[in-house]
Amino acid sequence: MILAVLFFFVMMLAVPMDMIAGEAAATKEKQLIFDTAELLNQQEYDELNALANQYGAERETDMMIMTINSPEAYDVKKMTQDFYDDYAPGYDKPHGNAVILMLDMTHRDVYLAGFYKAKTYLDDERFDKIRDKITPDLTSGDYKLAFQKYIQTAHKYMGFRLGVNPDNIFFNTWVQLGIALALGGGIVTLMVRRSGGRITVNSRTYEDASTSGVVDYEDTYLHTSTTKRKIERSSSSSSGSSGGGGGGGTTSGGHSHSGSRGSF
Amino acid sequence: MPIIEYKCPNCGSGMVFDADTGMLSCYSCGRKDNIEQIPDPLTKHVFSEEDEAREYHCNSCGAVIMTEAETSATSCSFCGSAVVLSDRLTGELAPVKIIPFSISKEQAMKAFRKWCGKGLVTPSGFMTADRIKGITGLYVPFWLYDLHNDVEVYARATKVSTYRSGDYEYTKTDYYDLYREICLDYVKVPIDASEKMNDELMDKLEPFPYDKLESFKTPYLAGYIAEKYSYNDEELYPRVKDKIDKYIYSYINSTVSGYATVNYTDVDIDTELERADYVLLPVWMVQYDYNKRKYTFAMNGQTGKVVGKPPISKMKVAGWFAGISGISFLTLHLVSSWIIGGGFW
């Protein structure tokens, strides 16, 4: 029994999680990245497009990236909505499940939007989290890394039921493994230590309660000291850049979506 | 004659103390005598101090009785008669009280086997307990200390509270001066007085049921091995002080609850020794051979509690570790997967 458990345990660790579901993806790739601002080289583009196809298929959602660097660029949120209306992306059907990252290099604005299935799993708050993760990389010009994180995080968060914090460390397999090993180690150590018998007398065993006790006591208040500390407010996502409304909205074509916008 | 033997008035065989009935019994004819009614030769005779290298001769067969210097009761190695070396139990060496055995040899063997069978991390070969090499009923000398303690404690303590106001978090610390005067009486704190006995092992045997304490009578020793103390009460006083110091500090800590921090500035413990009684307490010593190594276990002769370091099976430890870790990992993972609401991974 023990060996079987151990074997199962090792097997689970040995199989990388992405391998199971990821095989069927590479059959037909569709273009999900529209890099008009030319931020990526060909190799980076191929890699990311493959990643977006693979992860998108697992969540039945098109994970798209648009970059624009032109004087014609207008409000980043409006551009995202118009793109969805005009291009009609969607994994399942035109105007279907999609996540869009719109990067406006002219105004250095970024907007993330989720439609249909993506909207149910990725609310404004989760998009804010994704944006917080990629903004530093966008600022420093590491676009490939930022896009990769965006695809991976959107994929990951869509695996979590709404209302659950996806970044809770207890959902991390390694943390769970650590807790399990610590628990096993602790209990086994206790078992070994107690195998030779343990002390079963305590401080009260030999105490004569009838004559023992506190004879006299005094608690004298001396003084009070107070220190204060400024509460650090987490910089609100929409604070610096609320151009056209921070969160989601509805496109001209009538498609409701969630979203998050910000500058970088 | 410093040798005491109990001869059966009916048949002349040697009589021994029977743990089941608490009587002095003759195994040959079955006669049982109440210990209370047997005149104790120790109370009648006064022995003169003689040199250390004296010889004891068995009253039954006349052979020289081989003993160690600490032994006060044993059996003749030639004829097996139970003998008590009375001069090692008189004067300074006279025990005040005794807790007689209530677990007989057979019961002790059974209890020990049962204990072995319950070992979770001991090797299977050990669990069958079929290699008991020897089991000895031993009266171990203990000192029971009654100690009166007057304790005075001075401490500086704080209470901490935090609250928010506007953009600031305030931490308020109240400082207090504490004073405690405590009176603590500890009664019958046992310390083993035998040099041979492992102190740690003996400490784990506690507690002994003090309601079974009887006035010392020599017939209780018949058929068992008894020792005289190797250290007197004064020599062991530091050990008992050490032992109760832990109790005292735990009591002090319990009187200053409700504070965030307590720093003792001065703790004054004045311990007064009220009395120290020399008693004999019953212990079954079990010698066990496993894998060419000797293991010694001790069993409380009244409660049946077994202590001693058993061999540890690395396989079993690894098995438990893998099992517990594996099951808790699976449980954690399933629960979190359920909370997440997605697939298994």
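**Exercise 1. Packing of a helix in chain B**

Against which elements of chain B do the buried residues of α2(B) pack? Determine also which residues these are and how they are arranged about the axis.

*Solution.* The structure is a predicted model, in which local features need pLDDT of at least 70, side-chain atom pairs count only at pLDDT 80 or more, and totals for chains, interfaces and linings use all residues. Residues are numbered from 1 along each chain as its sequence is written, while chains are lettered from A and ligands numbered from 1 in the order in which they are written.

Step 1. Fix the elements: helices (H or I, at least four residues) and strands (E, at least two) are DSSP runs, numbered from the N terminus.

Step 2. Check the geometry of α2(B), residues 105–117. The expected span of a helix is 1.5 Å times one less than its number of residues. The 13 residues of α2(B) should therefore span 18 Å, and the end C-alpha atoms are indeed 18 Å apart.

Step 3. Classify the residues. A residue is buried if 20 or more other C-beta atoms lie within 10 Å of its own, exposed if 12 or fewer, and partly exposed in between, with C-beta atoms placed from the backbone. The buried residues in α2(B) are A108(B), F112(B), W115(B) and C116(B). Because they cover an arc of only 100° around the axis (taken from the directions from the helix axis to the C-beta atoms), they lie on the same side of α2(B). The face turned away from that side carries the exposed residues E106(B), K114(B) and G117(B).

Step 4. Identify the partners. The buried residues pack against α3 (124–127), β10 (132–165), β14 (261–290), β15 (293–300) and β16 (306–307) of chain B.

**Exercise 2. The surroundings of a strand**

Which strands of chain B pair with β8(B) in the antiparallel sense?

*Solution.* Step 1. Two strands pair if DSSP finds at least two bridges between them.

Step 2. β1(B), residues 3–5, pairs with β8(B), residues 82–85, over three antiparallel bridges; here I4(B) has V84(B) as its bridge partner.

Step 3. β7(B), residues 71–75, also pairs with β8(B) over three antiparallel bridges, and S75(B) is matched with A82(B). β7(B) and β8(B) form a hairpin with six residues between them, and G80(B) in the turn has a positive phi of about 80°.

Step 4. Both faces of β8(B) are covered: A82(B) and V84(B) are buried on one side, V83(B) and L85(B) on the other.

**Exercise 3. Contacts between the chains**

How many residues of chain A are in contact with chain B, and which element of chain A gives the largest share?

*Solution.* Step 1. Two residues are in contact if their C-beta atoms, placed from the backbone, lie within 7 Å. By this criterion, 56 residues of chain A touch 63 residues of chain B.

Step 2. The elements giving two or more residues to this side of chain A are α1 (2–14), α8 (173–194) and β5 (213–230). β5(A) provides the largest share, 18 residues.

Step 3. By class, this side of chain A has 27 nonpolar, 19 polar and ten charged residues. Ala, Val, Leu, Ile, Met, Phe, Trp, Tyr, Cys and Pro count as nonpolar, Asp, Glu, Lys and Arg as charged, and the others, Gly among them, as polar.

Step 4. β5(A) is joined by 16 bridges to β11(B), residues 168–192, and the two run antiparallel. In this pairing T224(A) has D174(B) as its bridge partner.
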